[in-house]
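Student: Pick one residue in this model and take me through it closely, please. After that, follow its contacts outward and tell me how the rest of the chain looks.

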Amino acid sequence: MEPFFKRFEQEDSLIESFDGDILFAPNGDAGTDEFAKDEKVQFKMLAEAIPARSFAAAANKVDELARLGYENFDMMDMKNGGWPPDRLDEPKGDDWWHSDFRAVALTYTHVMWRKMITLGGLDACADC
């Protein structure tokens, strides 16, 4: 009767006339069945309704990388001594979120980028 994942929002800006509550109608409800046939609704359910059963990619140490000569590193230590002030007002605002390496300004993330460039050998001069 009550799923363990959170309910959908009532509205979605990408799906015209989206009604998240309709997805929680009793089994066999004709309106829900028809609504769930919409490809955009299916994509939304795949993206948001199925709880993650594992951490995001790169969250766990991968021993195979060490055997190949690469190393894991903790990006939480790569914040260049600060973090955007507007982020500090949010819950867990000083944490490094999943895509912050591309979403947060280079001013705050350049230490991580330098580490990735060095590990990947991207700083080597091809003509030297």
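Tutor: Let's start with Trp113, which counts as partly exposed because its relative accessible area is 30%. On the scale used here, buried means under 20% relative accessible area, exposed means over 50%, and partly exposed is whatever falls in between (1.4 Å probe, protein chains only). Before going on, a word on what we're looking at: this is a predicted model, in which local features need a pLDDT of at least 70 and side-chain atom pairs count only at pLDDT 80 or more, while totals for chains, interfaces and linings use all residues. Residues are numbered from 1 along each chain as its sequence is written, and side-chain values use heavy atoms, with hydrogens and water left out.

Trp113 sits in helix α6, residues 106-119. Helices here are DSSP runs of H or I with at least four residues, strands are runs of E with at least two, and both are numbered from the N terminus. Trp113 also joins Leu106 and Met116 in a nonpolar surface patch, with about 270 Å² of accessible area together. Patches take residues with over 30% relative accessible area and no salt bridge; nonpolar side chains (Val, Leu, Ile, Met, Phe, Trp, Tyr) are joined within 5 Å, and like charges within 9 Å. The areas themselves come from the Shrake-Rupley method with a 1.4 Å probe, and for residues only the protein chains shown count as cover.

Now for the rings. There are 2 aromatic pairs in the structure. Rings of Phe, Tyr and Trp (its six-membered ring) pair if their centres lie within 6.5 Å; planes under 30 degrees apart are stacked, over 60 edge-to-face, and the rest tilted. One pair is Trp83 with Tyr108: the ring centres are 6.3 Å apart and the planes stand at 70 degrees, so this one is edge-to-face. That pair links distant parts of the chain, with Trp83 in the loop between α3 (63-67) and α4 and Tyr108 in helix α6, 25 residues apart. Trp83 is buried, at a relative accessible area of 6%, whereas Tyr108 is partly exposed at 22%.

The other pair brings us back to our tryptophan. Phe101 and Trp113 have ring centres 5.9 Å apart and planes at 55 degrees, so they count as tilted. Since Phe101 lies in helix α5 (residues 100-103) and Trp113 in helix α6, the pair ties together parts that are 12 residues apart in sequence. Phe101 is partly exposed too, with a relative accessible area of 29%.

Helix α5 takes part in another link, this time a polar one. There are 2 salt bridges in the structure, each meaning a side-chain nitrogen of Lys or Arg within 4 Å of a carboxyl oxygen of Asp or Glu. In one of them, Arg87 meets Asp100 at 2.9 Å, N to O. That bridge again links distant parts of the chain: Arg87 is in helix α4, Asp100 in helix α5, 13 residues apart. Both Arg87 and Asp100 are buried; for Arg87, the relative accessibility is 9%. Arg87, in helix α4 (residues 85-88), is in contact with Gly93, Asp95, Trp97, Asp100 and Val104, leaving aside neighbours within four places in sequence. Contact here means heavy atoms within 4.5 Å.

The other salt bridge joins Lys37 and Glu34, with the closest N and O atoms 3.7 Å apart. Unlike the buried pair, Lys37 and Glu34 are both exposed.

Ile22 is worth a stop as well. Ile22 lies in the segment before α1 (30-36) and is partly exposed, at 24%. Its contacts, not counting residues up to four places away in sequence, are Gly31, Thr32 and Phe35. From Ile22 to Ala36, the C-alpha atoms are 9.2 Å apart, with their positions 14 residues apart in sequence.

Stepping back, the chain has 6 helices and 0 strands. Of its 128 residues, 17% count as buried. Among contacts with a separation of 6 or more, 36% involve residues 24 or more positions apart. The accessible surface comes to about 10,300 Å², and 55% of that belongs to carbon and sulfur atoms.

As for confidence, pLDDT is the predictor's own rating of each residue, from 0 to 100. The chain averages 75, and 77% of the residues score at least 70. Confidence is lowest in α3, with a mean of 74, and highest in α6, at 85; α6 is the helix that holds Trp113.
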